[in-house]
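Reader: I am new to this structure. Please choose one part and take me through it closely, step by step.

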Amino acid sequence: PVEVCVILAQLRADTDTLCAALLHDTVEDTEMVTFESIERQFGPVVASIVEGETKLSKRTGDDVATTATSEAEASAADDDASSSSPSTSTATATATPPAQESEPPKDPKMNG
């Protein structure tokens, strides 16, 4: 769950999605946590995301979040590879560039 949350944070997911990422296995893995308790503590949006992921993972027989993590990592590796060598593929041409960190604005009161 933490790895999934980190990847979603890097993709600038909203707070509800990040909470759901951390909680996505709790209903299946514990007897103390229910969808209702998640809804009470984190709200209906988080509960809905967790419930949807749980239903999908049961249907596909795979943990959707883990699959998404693997796919995101593979995509990131592809992006890294394509940035080191020019490519004309459609996927590369339409990929969203990674966010670049900028320096914080300089305080005009500071000298230097």
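Author: What follows is a close look at helix α2 and the parts around it.

First, the ground rules. This is a predicted model, in which local features need pLDDT of at least 70, side-chain atom pairs count only at pLDDT 80 or more, and totals for chains, interfaces and linings use all residues. Residues are numbered from 1 along each chain as its sequence is written, and side-chain values use heavy atoms, with hydrogens and water left out.

Now the setting. The protein has 7 helices and 0 strands. Helices (H or I, at least four residues) and strands (E, at least two) are DSSP runs, numbered from the N terminus. The order from the N terminus is α-α-α-α-α-α-α. The protein has 112 residues, and 21% of them count as buried. Buried means under 20% relative accessible area, exposed means over 50%, and partly exposed lies in between (1.4 Å probe, protein chains only). About 8,600 Å² is exposed, and carbon and sulfur atoms supply 56% of that area. Such areas come from the Shrake-Rupley method with a 1.4 Å probe; for residues, only the protein chains shown count as cover.

Go to α2 itself. Helix α2 spans residues 15-23. Within α2, A20, A21 and L23 are buried. The buried residues of α2 pack against α1, α3 (26-29), α4 (35-42) and α5 (44-60). Packing here rests on contacts, meaning heavy atoms within 4.5 Å. Contacts also give a view of the whole chain. Take those between residues at least 6 apart in sequence: 40% join residues at least 24 apart.

Look at the start of α2. There, a side-chain oxygen of D14 comes within 3.1 Å of the backbone nitrogen of D16. That is a polar contact: a pair of N or O atoms within 3.5 Å; within protein, one must be able to donate a hydrogen and the other to accept it, and residues adjacent in sequence count only if both atoms are side-chain atoms.

Step back along the chain. R12 sits in the loop between α1 and α2. Its phi is near 65°, a positive value in a residue other than glycine. R12 counts as exposed because its relative accessible area is 62%.

Next comes α1, which covers residues 2-10 and holds V2. V6 is in α1 too. V2 is exposed, at 57% relative accessibility. V6 is partly exposed, at 42%. The C-alpha atoms of V6 and A21 are 9.1 Å apart in space, with their positions 15 residues apart in sequence. V2, V6 and L22 make a nonpolar surface patch of about 260 Å². Patches use residues with over 30% relative accessible area and no salt bridge; like charges are joined within 9 Å, and nonpolar side chains (Val, Leu, Ile, Met, Phe, Trp, Tyr) within 5 Å.

Now turn to α5. I49 is in this helix. I49 touches D16, T17 and A20, leaving aside residues up to four places away in sequence. The C-alpha atoms of I49 and A20 are 6.1 Å apart, although the two are 29 residues apart along the chain. I49 counts as partly exposed, at 33% relative accessibility.

E53 also lies in α5. E53 is buried, since its relative accessible area is 10%. From E53 to A20 the C-alpha distance is 9.0 Å, across 33 residues of sequence.

Helix α5 carries a salt bridge as well. The side chains of E51 and K55 meet at 3.6 Å, N to O. A salt bridge is a side-chain nitrogen of Lys or Arg within 4 Å of a carboxyl oxygen of Asp or Glu. The count by this rule is 1. E51 and K55 are 4 residues apart in α5, so about one helical turn separates them. E51 is partly exposed at 30%, while K55 is exposed at 53%.

Last, confidence. The mean pLDDT of the protein is 73, and 54% of the residues score at least 70. pLDDT is the predictor's confidence in each residue, from 0 to 100. Among the elements, α4 has the highest mean pLDDT (95) and α7 (residues 90-94) the lowest (38). Over residues 85-98 the pLDDT is below 50, and beyond near neighbours in sequence this stretch has 3 contacts in the model. Where pLDDT is low, the predicted coordinates should not be read in detail.
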